[in-house]
Amino acid sequence: QLQLVESGGGLVQPGGSLRLSCAASGGTFQHYAVGWFRQAPGEDREGISCISSSSASTTYYADSVKGRFSISRDNAKNTVYLQMNSLKSGDTAVYYCAYAPTSSQNLCQLYYPPAHSWGQGTQVTVSA
């Protein structure tokens, strides 16, 4: 069974950049869509960016991050990345990755993966 581990979070000033990584072990997730979600205190978890399986490689971005964030995958490293630029205070949240056998848009908007398909999360704090 796949296990996901997120890394790359931290404290960054407004306007700065971070790159998050989602590394899979216990198998390969090139046949799954992989997505990045975030949850701020008191708010629901939001699907912000998802990428389909390697055969299609289509991407989805929530309006809140479109033009600032970029998702990519490196199948050789079994890792999906989220490049975050022009960060704002509103991007402060715990960021999670998850995988599912569906499309990128469905993963971000409709499909909620089971508990074992999620990583543990990484904190991103945008503050001066």
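This short talk covers the salt bridges, the disulfides and the nonpolar cores of one chain. Please keep in mind throughout that the model is predicted.

I begin with the charged side chains. A search of the whole structure returns four salt bridges, and I shall describe three that share partners, starting with Arg38. The side chain of Arg38 meets that of Glu46 in a salt bridge, at 3.1 Å from N to O. The two residues fall into separate accessibility classes: Arg38 has a relative accessibility of 8% and therefore counts as buried, while Glu46, at 28%, counts as partly exposed.

Arg38 has a further partner in Asp91, and here the N to O distance is 2.8 Å. This pair links distant parts of the chain, since Arg38 belongs to strand E4, residues 33–39, and Asp91 to the loop between strand E8 (79–84) and strand E9 (93–100). The separation in sequence is 53 residues. Both Asp91 and Arg38 are buried.

Asp91 also meets Arg68 in a salt bridge, again with 2.8 Å from N to O. Arg68 sits in the loop between strand E6 (59–61) and strand E7 (69–74), and the pair, 23 residues apart, once more links distant parts of the chain. Is Arg68 buried or exposed? Its relative accessibility is 11%, and the limit for buried is under 20%, so Arg68 counts as buried. For Asp91 the value is 2%, which places Asp91 among the buried residues as well. Taken together, Arg38, Glu46, Arg68 and Asp91 are joined into one network by salt bridges that share partners.

I turn now to the cysteines. The count of disulfides comes to two. One of them joins Cys22 and Cys97, whose sulfur atoms lie 2.1 Å apart. The torsion about its S-S bond is about 75°, and the disulfide is therefore right-handed. Because Cys22 lies in strand E3 (residues 18–25) and Cys97 in strand E9, this bond ties together parts that are 75 residues apart in sequence. Cys22 and Cys97 are both buried.

The other disulfide is formed by Cys50 and Cys108, with a sulfur-to-sulfur distance of 2.1 Å. This link is right-handed too, with 100° about the S-S bond. Which elements does it connect? Cys50 is in strand E5, residues 46–51, and Cys108 is in helix H1, residues 104–109, with the two positions 58 residues apart in sequence. Cys50 is buried, with a relative accessible area of 0%, and Cys108 is buried at 9%. Counting bonded cysteines along the chain, the disulfides follow the pattern 1-3, 2-4.

Finally, the nonpolar cores. As a general remark, nonpolar side chains in soluble globular proteins tend to be buried together. In this model, the largest nonpolar core has 27 residues. Those with the most contacts inside it are Phe29, Trp36, Phe69, Val80, Leu82, Met84 and Tyr95. Which strands supply at least two residues each to this core? They are E3, E4, E5, E7, E8, E9 and strand E10 (122–126). Apart from this core lies another, of ten residues, including Phe37, Tyr60, Leu107 and Trp118.

To close, I return to strand E9. Cys97 of E9 is bonded to Cys22 of E3, and both E3 and E9 are among the strands that contribute at least two residues to the largest core. Thank you for your attention.

Conventions. Residues are numbered from 1 along each chain as its sequence is written. This is a predicted model: local features need pLDDT of at least 70, side-chain atom pairs count only at pLDDT 80 or more; totals for chains, interfaces and linings use all residues. Side-chain values use heavy atoms; hydrogens and water are left out. Buried means under 20% relative accessible area, exposed over 50%, partly exposed in between (1.4 Å probe, protein chains only). Helices (H or I, at least four residues) and strands (E, at least two) are DSSP runs, numbered from the N terminus. A disulfide is a pair of cysteine sulfur atoms within 2.5 Å. A nonpolar core is a set of buried Ala, Val, Leu, Ile, Met, Phe, Trp, Tyr and Cys residues joined through side-chain atoms within 4.5 Å.
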